[in-house]
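Colleague: Could you take a close look at one part of this model for me and then walk outward from there? I'd like the plain version.

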Amino acid sequence: MTDGNPVILIDDDSDLLKATKQTLELAGFAVSAFSSGSEALAGLDAGFAGVLVSDIRMPEMDGLQLFDLVVDLDPDIPVILVTGHGDIAMAVKAIKDGAYDFITKPFAADRLAQSVWRAAEKRRLVMENRALREAAEQAQEGLPLIGQTPAMERLRRTLRQIADTDVDVLVTGETGSGKEVVASLLHRWSRRAKGNFVALNCGTLPETVIESELFGHEAGAFTGAQKKRVGRIEHSSGGTLFLDEIESMPPSTQVQMLRVLEMREVTPLGTNEIRPVDLRVVAAAKVDLGDPGQRGNFREDLYYRLNVVTLSIPPLRERRDDVPLLFGYFAERAAARFHRQVPAAPAAVQRHLREHDWPGNVRELAHFAERFVLGLEEIGSSPAAQPTDLDVSMPLPERLERYEAEIIRETLGRNGGDVRRTIEALGIPRKTFYDKLQRHGIVRSDFSREIKLVEPDRSPRR
């Protein structure tokens, strides 16, 4: 088994099945082989990211029956049908019904491999478009929780698991990483969604104001309190209270907040009346409150009371593979808002997306995308840096694919075709690098003339 594009292969001829599997694996695919259609269907779902290759003439369930069932499951899964009978009418019907390709036995190994490569590319674009649409649907008015890296997938899965549990949650993450988005998703995905989502940034309010904001007050409770005010805690009863930058909460307020969390009741300023609250608190911090050195004067008992469940949002520099997807989303959103098309991104912009550390995280990237769409971002503004043959009318995943090919060519040229230096600059595994060369039709030796290699290329022959 390889780590390439997945392929499900079905053939009742065990010898041919074994030979075809070996052919596809040598071409870089991860092949799962089955001797019947029913076995293959058992592990197939709409999330399958690869290609299905099936013989037609098989007992019990033939390839056409299997194809019909796959279409019902997901019509976008590419199906390549193989037959030894050369039935033209059958081929025409299969293609008309949506089969990706029809191959007659005996076939050349390259014929099948090339067909599977093209089908895999089509499936990859379909899956990327689905991911982008799903990300857009899940996006909030603020910063969306978009990402396909394992860390972000785990985070979304955990949010779904705990959303309806009513436990208090502590969210940690750097500035601009999307802590409020996590809190709002917890609210939206819970049974509290019909209640209020109340947000308060503890770092923006002075000590003289924060208690009134949180607990409320009666008229005349203090100078200037002319009217009764319901506090944020009471207003969030039945919903969710989000306390951002809770590490900035004054010590005196921390004591009161601890009592609220323990007793689930609040006493507004200027009264002895105790009011019960149906409370769920999501607190966010920019520092690790579990570390005494970073916690400062934040109460340890309050930290442990909040720390029922802790969610950590990784910074962008630790999930760089999410940057293109986020940039594409923000660029499309900005283009719609400003009534402009998304311009072709110069190679220098792609390099900036890949190499910049994004200290402001998702918020910084969103602002960068807006400036780029408005033509205010000067990175890579020279005509020489523009990638070639880019049609802004093509779908976003296809444009990103073209950008990727341009980046690889530019990096190869800058490193004189040296594989080691190129994959280090790109930050991808060697196997992935060669897969991308094959997918984009890039010939590495075309770039070896620019500078003399420091050491011989010891890459495996393809």
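Where does Trp358 lie?

Modeller: Trp358 lies in the loop between α14 and α15 (361–374). Before we go further, this is a predicted model, where local features need pLDDT of at least 70 and side-chain atom pairs count only at pLDDT 80 or more, while totals for chains, interfaces and linings use all residues. Residues are numbered from 1 along each chain as its sequence is written, and side-chain values use heavy atoms, with hydrogens and water left out. The helix and strand names are DSSP runs numbered from the N terminus: H or I over at least four residues for a helix, E over at least two for a strand.

Back to the tryptophan. Trp358 isn't a glycine, yet its phi is positive, at about 50°. As background, most residues other than glycine have a negative phi, and most peptide bonds are trans. Trp358 also counts as buried, at 1% relative accessibility. Here, buried means under 20% relative accessible area, exposed over 50%, and partly exposed in between, using a 1.4 Å probe and protein chains only.

On the other side of α14 there's a useful counterpart. His339 sits in the loop between α13 (323–338) and α14, and its phi is near 55°, again positive in a residue other than glycine. His339, though, is exposed at 74% relative accessibility.

Now for α14 itself. Arg351 in helix α14 (residues 347–355) pairs with Glu410 in helix α16 (residues 396–414), linking distant parts of the chain, 59 residues apart. Their salt bridge brings the closest N and O atoms to 2.4 Å; the term needs a side-chain nitrogen of Lys or Arg within 4 Å of a carboxyl oxygen of Asp or Glu. Both partners are partly exposed: Arg351 has a relative accessible area of 23%, and Glu410 is at 26%.

The structure holds 31 salt bridges in total, so to speak a long list, and a few make handy reference points. Asp322 and Arg319 form one with closest N and O atoms 3.1 Å apart, and both of these residues are buried. Arg275 and Glu273 meet in another, at 3.4 Å from N to O. In that pair Arg275 is buried at 10% relative accessible area, whereas Glu273 is partly exposed at 42%. There is a network as well, which links Glu121, Arg124, Glu404, Lys436 and Arg439.

A few spots elsewhere in the chain go well with the tryptophan. If unusual backbone geometry is what caught your eye, check the peptide bond from Lys105 to Pro106, which is cis with omega near -10°. Pro106 is in the loop between β5 (101–104) and α5 (109–138). Gly28, just after α1, has a positive phi of about 105°.

For another buried loop residue, try Ser236, between α9 (232–235) and β10 (240–244). Ser236 has 0% relative accessibility. Leaving aside residues up to four places away in sequence, Ser236 touches Asn196, Val198, Leu241, Asp278 and Leu279, where a contact means heavy atoms within 4.5 Å. Val230, in strand β9 (residues 229–230), is partly exposed at 43%. With that sequence cut-off, Val230 touches Gly216 and His235.

Burial can take in most of a helix, too. In helix α7 (residues 179–188), 8 of the 10 residues are buried, so it is largely enclosed by the rest of the structure. Among them are Val181, Leu185 and His187.

Last, a word on how far to trust the details. The mean pLDDT of the chain is 82, and 86% of its residues reach 70 or more; pLDDT is the predictor's confidence in each residue, from 0 to 100. Over residues 139–143 the pLDDT is below 50, and the model gives this stretch 15 contacts beyond near neighbours in sequence. Residues 380–390 stay under 50 as well, with 18 contacts beyond four places in sequence. Where pLDDT is low, the predicted coordinates should not be read in detail.
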